[in-house]
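Subject: Handing over the structure

Hi there,

Here is the structure I promised to send you. Have a look at it first, and then read on for what turned up.

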Amino acid sequence: MFGPGGTALITGASSGLGEVFARQLAARGYGLILVARRRDRLDKLAVELARSSKVQVEPLAADLASEQGLAGVEARIRQAATLNLLVNNAGFGARGRFWEADPEEQQRMHRLHVMATLRLTQAALGGMVARGRGGIINVSSVAGFGAGPGSASYSATKAWMNTFTEAIALELRSAGSPVRVQALCPGFTYTEFHDVLGMDRGVIPKGWWMPAEYVVAQSLRGLDRGRLFVIPGFRYKLLVLAMSYIPRKLKHAGTRIYARRTRRV
Ligand SMILES: NC(=O)c1ccc[n+]([C@@H]2O[C@H](COP(=O)([O-])OP(=O)(O)OC[C@H]3O[C@@H](n4cnc5c(N)ncnc54)[C@H](OP(=O)(O)O)[C@@H]3O)[C@@H](O)[C@H]2O)c1
């Protein structure tokens, strides 16, 4: 079991997977620092969880794609002496061909998925390694195992998250540190993600959708067991396994069909 107690900082805690992480970690007795842009949502969740789970909850409104917002959260992490878990979860998707997409949105995605993960991980790890306890969950995606039309930046940033997490795990292992890191790689999950993206959920068969509660429970179970990659759901485990064996040509044909079906391009 992953060492309980202490504080967990969760980014993107105002909805979806982040909110469910907050609920499940509060139930495990963690004090919480909740980060996202929508302050009203964070405040409401903080009041609810402090009352129901009797834990300390601190809402921290910040835009992690901005220098000011990211620096503020980085500083908060560096002074959190009881930080036991960091969940880099804030993220969003985009559609459209790369050269036709809004450049600001594309850059914002890289700042959020890559730079925020990099800087918050570095801010947290020094203290965790020195204390000899702690863990980091980077919420990536099955999209990080492939590439498809209409999601160049999304797939690329999630692939970066996978490689980054794996390399940090190897560094921790070689240093003999018990600190754990995990890349959580979900497939389609019921959250606000596809509303923000503007994608009709009906184009994907029901069997491929997972509840956020299940995805988070799998992640925390994986953390207890020290799993580096957590891919919730047997369909997605098989898909990722197949993707590492099937020829690239076949993979590309599949992603083209998927991109048309989901109207990504
Ligand atoms: N849902 C899926 O099917 C799925 C599949 C694979 C991976 N994922 C990954 O899961 C993670 C969580 O997404 P979700 O599915 O839970 O979607 P969601 O319900 O839309 O939640 C996204 C969260 O990220 C926060 N966020 C977005 N931009 C931010 C910014 N600039 N600064 C700070 N916070 C920001 C949002 O809060 P505010 O708007 O209040 O800032 C929100 O709390 C993402 O990294 C996503 O890529 C999702």
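In which kind of crossing, right-handed or left-handed, does α1 pass α7? Before I get to that, please keep in mind that this is a predicted model.

The answer is that α1 passes α7 in a right-handed crossing. The axes of α1 and helix α7 (residues 212-224) come within 9 Å and cross at roughly 60 degrees, which makes α1 oblique to α7. If you want to find the contact on your screen, look for G16, L17, V20, F21 and Q24 on the α1 side. On the α7 side, the partners are A212, E213, V215, V216, A217 and L220. Sorted by class, the residues of this contact of α1 with α7 are eight nonpolar, two polar and one charged.

Helix α1 also meets α2. Here the axes of α1 and helix α2 (residues 39-53) come within 10 Å and cross at roughly 20 degrees. Angles under 35 degrees count as roughly parallel, so α1 and α2 are roughly parallel to each other. The crossing of α1 with α2 is right-handed. From α1, the contact takes in E19, A22, R23, A26 and A27, and from α2 it takes in L45, L49 and S53. The contact of α1 with α2 has five nonpolar residues, one polar residue and two charged residues.

Now to the ligand, which I suspect you will want to look at as well. How many residues surround the ligand? There are 28 of them, and the closest are G12, G16, R37, R38 and G91. Two elements, α1 (16-27) and α6 (193-197), give two or more residues to this shell. Helix α1 gives the most, with three residues. G16 thus turns up twice in this email: G16 is among the closest residues to the ligand, and G16 is also part of the contact of α1 with α7. As for the make-up of the shell around the ligand, 13 residues are nonpolar, 11 are polar and four are charged.

Another helix pair is worth a look. The axes of helix α3 (residues 67-78) and helix α4 (residues 103-131) come within 8 Å and cross at roughly 20 degrees. So α3 and α4 are roughly parallel to each other, and α3 passes α4 in a right-handed crossing. In this pair, L70, V73, E74, I77 and R78 of α3 meet A116, R119, L120, A123 and A124 of α4. Seven residues of the contact of α3 with α4 are nonpolar, none is polar and three are charged.

Finally, the overall picture. The secondary structure of the protein chain comes to nine helices and nine strands. The C-alpha trace of the protein chain spans about 50 × 40 × 35 Å along its principal axes. What radius of gyration would a compact globule with 265 residues have? The expected value is near 18 Å, and the protein chain has 18 Å, so the two agree.

Happy browsing, and best wishes!

Notes: Residues numbered from 1 in each chain as written. Predicted model: local features only at pLDDT ≥ 70, side-chain atom pairs only at ≥ 80, totals over all residues. Near = placed C-beta within 6 Å. Helix = DSSP H or I, 4+ residues; strand = E, 2+ residues; numbered from the N terminus. Nonpolar A, V, L, I, M, F, W, Y, C, P; charged D, E, K, R; others polar. Axes fitted to C-alpha atoms, helices over the stretch in contact; angles between N-to-C directions. Parallel < 35°, antiparallel > 145°, perpendicular 65-115°, else oblique. Left-handed = near helix turned anticlockwise from the far one by under 90°. Contact = placed C-beta atoms within 7 Å. Rg over C-alpha atoms; globule rule 2.2 N^0.38 Å.
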